[in-house]
Amino acid sequence: MKKIFTIVWLSGILGGMAYIFWYTDWKYSLPTPVPKQYHPVPVGAHIDLGGKLFVSGDKPVFIHFFNPDCPCSRFNIPYFKSLAKRYRDKISFAIVVLNNREYTAKEIQNKFDINIPVSFDSSLAAACGVYSTPQAVLLDANQHLYYRGNYNKSRYCTDTRSNYAQMAIDSLFASAERPVFTMYALRAYGCGLPVCTQK
Amino acid sequence: MEFKYKKAMVIDDNEIDLYIAEMLMATTGFAEKVVCVSSAREALAYLKSLNADPDSLPQFIFLDINMPEMTGFDFLNEYQHLPENIRKKCIIMMLTTSLDEDDRTQAESNQFVRKFLNKPLDRDKLAQLTAS
Amino acid sequence: MAHQPTYQSIHDAFLLQVKHKSDRLMNYFLVGFFLAGLLLAIFYDTWLIAAGVGSLALLAYYSTKVLLPGSNTYQYVVSTVFGIFMAQYIYQMHGLFEMHFIAFIGSAILVTYQNWKLQIPLALLVIVHHASFGYLQYIGYDKIYFTQLDYMTLQTFIIHGILATIVFFICGLWAFQLKKLNERMIEQTYEMGRFQEEELQKKALLQSNDNLKKSNRELDSFVYSVSHDLRAPLSSMLGVVGLCEMGTLDPFMQKNITLIKTSIRKLDGFIIDILDYSRNSRLEIDHQEIHFSDLLTDVSNNLKFMGTDDQKKVDVRTTVRNGVPFYSDKGRISIILNNLISNSIRYQNPQAPDPFVEINVNVSESAADILVKDNGIGISEENQVKVFNMFYRVSDKSIGSGLGLYIVKEAVEKLKGVLELRSEIGKGTEFVIRLPNLCS
């Protein structure tokens, strides 16, 4: 008798665990809610950096929107680092930190272990139409918006077939047709700004 | 009456056994004189006193084994330290009620003991002695 | 020995000890795992997973322990819990493949329970988890976040499977070996305990044996002293009565004296019998070389009963055939011969013109065959069994104490021999004895 009860009880616990996993996964898969004052910036629009970023003029610009408090952003660090190293010569990389807390540029650069310009100007997010982190924004040499979206389909960059940012870069240099990005790429997920609400 | 031997000595702590021996030897004509001592110590003293006069020594000594203070075997131990002329003269018979085999063996292996006899002493036993 | 522990009880006590020790360790490990989960949550804010799954896992373990305290189900639960923690960490680090090593840590921890079967739930969980997620990835279901690697190829899966199985197998093997080793040790401890018990018992037995021997000797010595003191006055009496006999010719007196002598001899004979009986039953068996001719001569000379005066002299004839040395107990053989020959003399046939007792001894390597034959009055058939009984006398007119043949039988048995009686009333009696050679 006790045995049956124990079996039922343990199954219940197992179910509870499965539920927790599923629930967490579900939350991860939700996109970031679009803020009310969101002003969409279409692809191809000219982004006026306004000298806010110290980048040289004639290379494409890759802006990484980053929030140290956001776990998704933190997870992304090694991936972005590899991207930045790979295309260092061809693209100007920059990081925009969207966070209420004060960080120095040095601290941010230490996190990524690369020496690229860091900005704390959150108006750049609105300028690019970014409302979550981590997000990749790729501007071509003329500072037109080429790509704005997620790095990867899977939240945790595990699917190389869906490394969207990578694909955007590749196609830019190949001067091929801009690939059609699915909602997975364009619908931002991750933490909202500036404080993480989605974990 | 003719006596076989001049003198015999009986060493026994039991009065009655001394009496029996004395009477027996007298009536059977075994010995002319019977000296009765009731302890081995007395016996040794007596023998030593006759050292100067060997002819007065007893020819036969009847020795009991079980005696207080000095047993028959203790007497034999002392006897071997006596002067030779005494030892030459006397023939020792052990006389006892003991059924113990060891006593018999010990007695018969002693060079001074001629025979091992069971009490009581009687006419036939004395007759056997004179015959041998 | 009431307190002697059984093998089973030592075995169970030991198993319980192992279980308790392992359970204590498990408490520490589980708390450690839970805290590690919380630690990992810092990285990517996976607090819900860390707290939720971790505490559910601990709950599963402790609740099973409480619900089914007698069984070891909770150990299987702990095995599963290790697998769950592994999954939890992988998830918390978002597919950090290295977290799979937690499974191996769990596998090693389980060795402490010395039960190879505990590896099974963990192994199953790992394999099923690998297989199902790998398969899901393969078919394109891409909402799985358990690995950062590009989807798991079949080759990868197989290699991982084999290596993981090897680890689980080895841990299971060590658990099994440990158990076997401990069982052997328990057995040895138990055997040693038993052996020591036996040694103690043996010692006690030897001790009591020695004590018995000692008390036997003391008793025999006592009987000897007593008998000696009893016999001394008797011999004096016999001596004085002999003097009386010599001092009278009166037939009336002589007859009276004869009667006195008879009684005294009877009493003396009885005392000797008691002494013989005591010696035979209490003394240890001596091993001496027996020279039968000498022995028979001694016995003849010292016969305890020489016959009444109105009986004829019995002719004692002896024949001894020696082959090899014969070893036995001289004292007891003397007793046997003495009693048998005395009986032959005592119970001679008054009608026989030539009463004799013939003793034949035949010595061989294995035994000595002794035959004591006489032409006395014999023993009737119905009495032939009874004569060996203690204190049995055929009639009131019998002169003996009734102990003689009893002592003979006891002595023969003590020497591990056999005794046979053949007799015909009026004709004579034959005793056939075979005594084993004790030093062959």
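This is a selection-by-selection tour of a predicted model with chains A, B and C.

**Chain A: overall**

Start by selecting chain A and colouring by pLDDT. The average for chain A is 77, and 82% of the residues score at least 70. Helix H1(A), residues 2-29, has the highest confidence in the chain, at 87. The lowest belongs to strand S7(A), residues 191-192, with a mean of 68. Next, select residues 195-199 of chain A, where pLDDT stays under 50. The model has 12 contacts beyond four places in sequence for this stretch. Where pLDDT is low, predicted coordinates should not be read in detail.

Switch to a cartoon of chain A. Six helices and seven strands are assigned, and from the N terminus they follow the order α-β-α-β-α-β-α-β-β-β-α-α-β. Of the 199 residues in chain A, 36% are buried. If contacts are restricted to residues at least 6 apart in sequence, 73% of them join residues at least 24 apart.

**Chain A: Asp113**

Select Asp113(A), in the loop between helix H3 (105-112) and strand S3 (118-119) of chain A. Its phi is positive, about 60°, although the residue is not a glycine. Most residues other than glycine have a negative phi. Is Asp113(A) buried or exposed? Asp113(A) is exposed, because 11 other C-beta atoms lie within 10 Å and the cut-off for exposed is 12 or fewer.

**Chain B**

Now select chain B. This chain has six helices and five strands, arranged from the N terminus as β-α-β-α-β-α-α-β-α-β-α. Buried residues account for 32% of its 132 residues. Among contacts in chain B with a separation of 6 or more, 70% are between residues 24 or more positions apart.

Zoom to Lys119(B) and Pro120(B). The peptide bond joining them is cis, with omega about 0°. Most peptide bonds are trans. Pro120(B) sits in the loop between strand S5 (113-118) and helix H6 (123-131) of chain B.

**Where chain C touches chain B**

Keep chain B visible and add chain C. Contacts link 15 residues of chain C with 17 residues of chain B. On the chain C side, the elements giving two or more residues are helix H6 (154-246) and helix H7 (251-282) of chain C. H6(C) supplies the largest share, 11 residues. By residue type, the chain C side divides into seven nonpolar, seven polar and one charged.

**The nonpolar cores**

Hide chain B and display the largest nonpolar core, which has 40 residues. Which of its residues touch the most other members? They are Ala57(C), Tyr61(C), Val81(C), Phe85(C) and Met86(C). The elements giving two or more residues to this core are H1 (7-44), H2 (47-67), H3 (73-92), H4 (101-110), H5 (119-138) and H6, helices of chain C. H3(C) gives the most, with 12 residues.

A second, separate core has 38 residues, including Leu98(A), Val137(A), Tyr151(A) and Ile169(A).

Return to Met86(C) and show its neighbours. Leaving out residues up to four places away in sequence, Met86(C) touches Met99(C), His100(C), Ile102(C), Ala103(C) and Gly106(C).

**The sheet in chain C**

Select the five strands of the open sheet in chain C, whose order is S2-S4-S5-S7-S6 with mixed pairing. Strand S2 (315-321) and strand S6 (418-424) of chain C are the edges, each pairing on one side only. From one strand to the next, the twist averages 10°.

At one edge, follow S6(C) to strand S7(C), residues 428-436: the two run antiparallel and are joined by seven bridges. Within this pair, pick Glu424(C), which stands opposite Gly428(C) in S7(C).

Add helix H9(C), residues 330-346. H9(C) lies across S2, S4 (356-363), S5 (367-374) and S7 of chain C. Its angle to S5(C) is about 15°.

**Chain C: Phe391**

The last selection is Phe391(C), in the loop between helix H10 (381-386) and helix H11 (404-414) of chain C. Phi here is near 65°, a positive value in a residue other than glycine. Phe391(C) is exposed, with 10 other C-beta atoms within 10 Å.

Methods:
Residues numbered from 1 in each chain as written. Chains lettered and ligands numbered in written order. Predicted model: local features only at pLDDT ≥ 70, side-chain atom pairs only at ≥ 80, totals over all residues. Helix = DSSP H or I, 4+ residues; strand = E, 2+ residues; numbered from the N terminus. Buried ≥ 20, exposed ≤ 12 C-beta atoms within 10 Å, placed from the backbone. Contact = placed C-beta atoms within 7 Å. Nonpolar A, V, L, I, M, F, W, Y, C, P; charged D, E, K, R; others polar. pLDDT = per-residue confidence, 0-100. Core = buried A, V, L, I, M, F, W, Y, C linked by C-beta atoms within 7 Å. Pairing = 2+ DSSP bridges. Axes fitted to C-alpha atoms, helices over the stretch in contact; angles between N-to-C directions.
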